[in-house]
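Subject: Structure for your review

Dear colleague,

Please find below the structure I am handing over to you. My findings follow it.

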Amino acid sequence: MMRGNSFYGDGGVRLELTPTTNSPLAIDVGESTEMRIQRLIAENPVVIFTRSSCCMCHVMKKLLSAIGVHPTVIELEEEEIAALPSGDDEVIPGAGDAPAVFIGGTRVGGLESLVALHLSGRLVPRLVEVGVITDVVL
């Protein structure tokens with residue numbers, strides 16, 4: 001597992017959910033995994049929770065980056081994935097636990113759900129709604 005934070009060439013930042021003492025974004029070790037995930041969802045307008053070296057996460061980041069959005073990416077350990085909240089309004093329900101993208105605090109789902117949202121023309125308006133895109137003609 002990686003330690004600390006990594007910066008992507010596309011402007012995104014990958015944060016580690018597991019606490020470390022040398023990280024500038026230290027996590028309260030008294031906070032449960034569920035509470036950390038909920039806080040990260042609330043603090044970040046677009047966040048992707050993923051497993052290490054997930055190719056689907058890479059595609060999700062590329063799609064969002066092409067639209068002009070650079071999501072926060074959080075790598076989870078296998079035992080932490082169970083703490084991800086499910087989404088009642090996912091475009092494709094039950095599309096897997098991780099990777100999972102949250103926009104404006106709501107779970108969109110995995111890669112298939114994100115692509116379906118984009119192809120239906122509802123992704124950009126949703127990103128505008130949460131304030132991560134401002135200069136768009138709809």
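**Helix α4 and its surroundings**

Glu112 and Leu119 are exposed, and they lie on the side of α4 opposite its buried residues. Those buried residues are Ser113, Leu114 and Leu117, in a helix that spans residues 111-119. Because Ser113, Leu114 and Leu117 cover an arc of only 100° around the axis, they fall on the same side of α4. The partners against which the buried residues of α4 pack are two helices, α2 (55-67) and α5 (123-129), and two strands, β5 (100-103) and β6 (106-109). After α4 comes Gly121, which has a positive phi, near 80°.

**Confidence**

Please bear in mind that this is a predicted model. The protein chain has a mean pLDDT of 77, with 69% of its residues at 70 or more. In residues 21-25 the pLDDT is below 50, and the model gives this stretch 4 contacts beyond near neighbours in sequence. A further stretch, residues 90-96, also stays under 50 in pLDDT; here the model has 14 contacts beyond four places in sequence. Where pLDDT is low, the predicted coordinates should not be read in detail.

**Overall architecture**

The protein chain contains 5 helices and 6 strands. Their order along the sequence is β-β-α-β-α-β-α-β-β-α-α. Among contacts in the protein chain with a separation of 6 or more, 52% join residues 24 or more positions apart. The protein chain has 138 residues, of which 42% count as buried. Its exposed surface is about 7300 Å², and carbon and sulfur atoms supply 53% of that area.

**Cysteines**

How many disulfides does a search of the whole structure find? The search returns 0. For Cys54, which is in no disulfide, the nearest cysteine sulfur is that of Cys55, at 5.6 Å. Why is the sulfur of Cys57 not bonded to the closest cysteine sulfur, in Cys54? The two sulfurs are 5.6 Å apart, which is too far for a bond, because a disulfide requires cysteine sulfur atoms within 2.5 Å. As for solvent exposure, Cys54 is buried, with a relative accessible area of 18%. Cys57 is likewise buried, and its relative accessible area is 4%. Both values count as buried because the cut-off is under 20% relative accessible area.

With kind regards

Note on methods:
Residues numbered from 1 in each chain as written. Predicted model: local features only at pLDDT ≥ 70, side-chain atom pairs only at ≥ 80, totals over all residues. Heavy atoms only, no water. pLDDT = per-residue confidence, 0-100. Contact = heavy atoms within 4.5 Å. Buried < 20%, exposed > 50% of the residue type's maximum accessible area, 1.4 Å probe, protein only. Helix = DSSP H or I, 4+ residues; strand = E, 2+ residues; numbered from the N terminus. Areas by Shrake-Rupley, 256 points an atom, 1.4 Å probe, with all protein chains shown as cover. Arc of directions from axis to C-beta.
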